[in-house]
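This report describes selected features of the structure shown below. It treats a pair of helices, the nonpolar cores and one histidine in turn.

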Amino acid sequence: MSRSICVVTGSRADYGLLRWVMADIEAAEDLTLQIIASGMHLSPRFGQTLDAIEMDGLTVDWEVEMLLASDTPSGVTKSIGLGIIGFADAYERLKPDIVVILGDRFEALAAAVAAVVGRIPIAHIHGGEVTEGALDDAFRHAITKMASLHYVAAEPYRRRVIQLGESEEKVFVVGGMGLDCIERLQLLDRSELEESLGCQLGTRSLLITFHPVTLEAESSLEQLGELLAALEERGDTRLILTLPNADPGGHGHAGLVEEFARSNSNALVVTSLGQRRYLSCLREVDGVVGNSSSGLLEAPSLGTGTVDIGSRQLGRLRAPSVLSCNPLRAEISATIDRLYSPDFREILKVRVSP
């Protein structure tokens, strides 16, 4: 008898990590794949990335509209409420045997709450991690307590999930999901990537993503301003900037990034690169700068250096290829200089990822 496995995806980022899980479920003879798309996937503001799922040959069984135009704390809270209602309707119709949820975003939290109340077991991926500067930290641990099965990226995360009170027999170390994507995707070479982006990378290039620091809401925009001020000094460097997630304060961040690109001819803003282009870009640039988790999870395995800024990712495991600094323009600039130093470039030749 086939079991129905329902995979929830709410953003470009988690879909990239879940894509091969979905494909393998669909290929399994004793499993039936169900997909629920929600959050940023359904928003033109974030690139309407629902299309990317369908272009990969996968069928979305249900769409949960939950994002409000407001990105204030009140607006995001209401989005969570709408999400719980929408996921309740989806589960009632699809009747899955298990719901697969990855990570820690508020869309994932809404999906987990509805599943728990509906008495549907949850398989949670990437639990046990710590991100001290983000609301996601609390969401992640809350989903852990609601889940029945836990698939974590490293041994310290397994220990943390067990410490939270989960049964040792239900926690499995499977590695970082993004590394599966690196193994299984045919990445673009440099010329193909440049053609896709519509620009040359040049002799120096950086990939920049800076998400709102949701536990430091008042200073988050100021921190982004410090980063952009440091980048403005690098007129000889191709800057590829991606827009932030749908977090509280995200609209303000996006506006500042777009304004920066209009004033700097070496800057390119891309709403959503998609997993293949993003990983290809991550491989071809000199470094990734900002506070995206990809700088800690995927970049080390591609031999790319990371400048991790501020507190958003504090608590995560770090490879030797990750440089950390405070969100101050002088520190950011000095750390980018270190990224280009001969000693650091030697470190990148040894691809070590925790």
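Helices α3 (residues 73-94) and α4 (residues 106-117) have axes that cross at roughly 45 degrees and come within 8 Å; α3 and α4 are therefore oblique to each other (neither under 35 degrees, nor over 145, nor 65 to 115). Their crossing is right-handed. Among the residues making the contact (heavy atoms within 4.5 Å) are Ile-80, Gly-83 and Phe-87 of α3 and Ala-110, Ala-111 and Ala-114 of α4.

This is a predicted model, in which local features need pLDDT of at least 70 and side-chain atom pairs count only at pLDDT 80 or more, whereas totals for chains, interfaces and linings use all residues. Residues are numbered from 1 along each chain as its sequence is written, and side-chain values use heavy atoms, without hydrogens or water.

A nonpolar core is a set of buried Ala, Val, Leu, Ile, Met, Phe, Trp, Tyr and Cys residues joined through side-chain atoms within 4.5 Å; buried means under 20% relative accessible area with a 1.4 Å probe, protein chains only.

| Core | Size | Residues include |
|---|---|---|
| Largest | 28 residues | Leu-206, Leu-227, Leu-231 |
| Second, separate | 26 residues | Phe-87, Ala-90, Ala-111, Ala-114 |

In the largest core, Leu-206, Leu-227 and Leu-231 have the most contacts inside it. Beyond its neighbours within four places in sequence, Leu-227 touches Ile-208, Phe-210, Val-289, Ile-309 and Ile-332.

His-41 lies in the loop between β2 (31-38) and α2 (50-55). Because its relative accessibility is 0%, His-41 counts as buried. Its side chain makes a polar contact with the side chain of Thr-9 at 2.7 Å (a pair of N or O atoms within 3.5 Å, one able to donate a hydrogen and the other to accept it).

Note on methods
Buried means under 20% relative accessible area, exposed over 50%, partly exposed in between (1.4 Å probe, protein chains only). Helices (H or I, at least four residues) and strands (E, at least two) are DSSP runs, numbered from the N terminus. Axes are lines fitted to C-alpha atoms, for helices over the stretch in contact, and angles run from 0 to 180 degrees between N-to-C directions. A crossing is left-handed if the near helix is turned anticlockwise from the far one by less than a right angle, and right-handed if clockwise.
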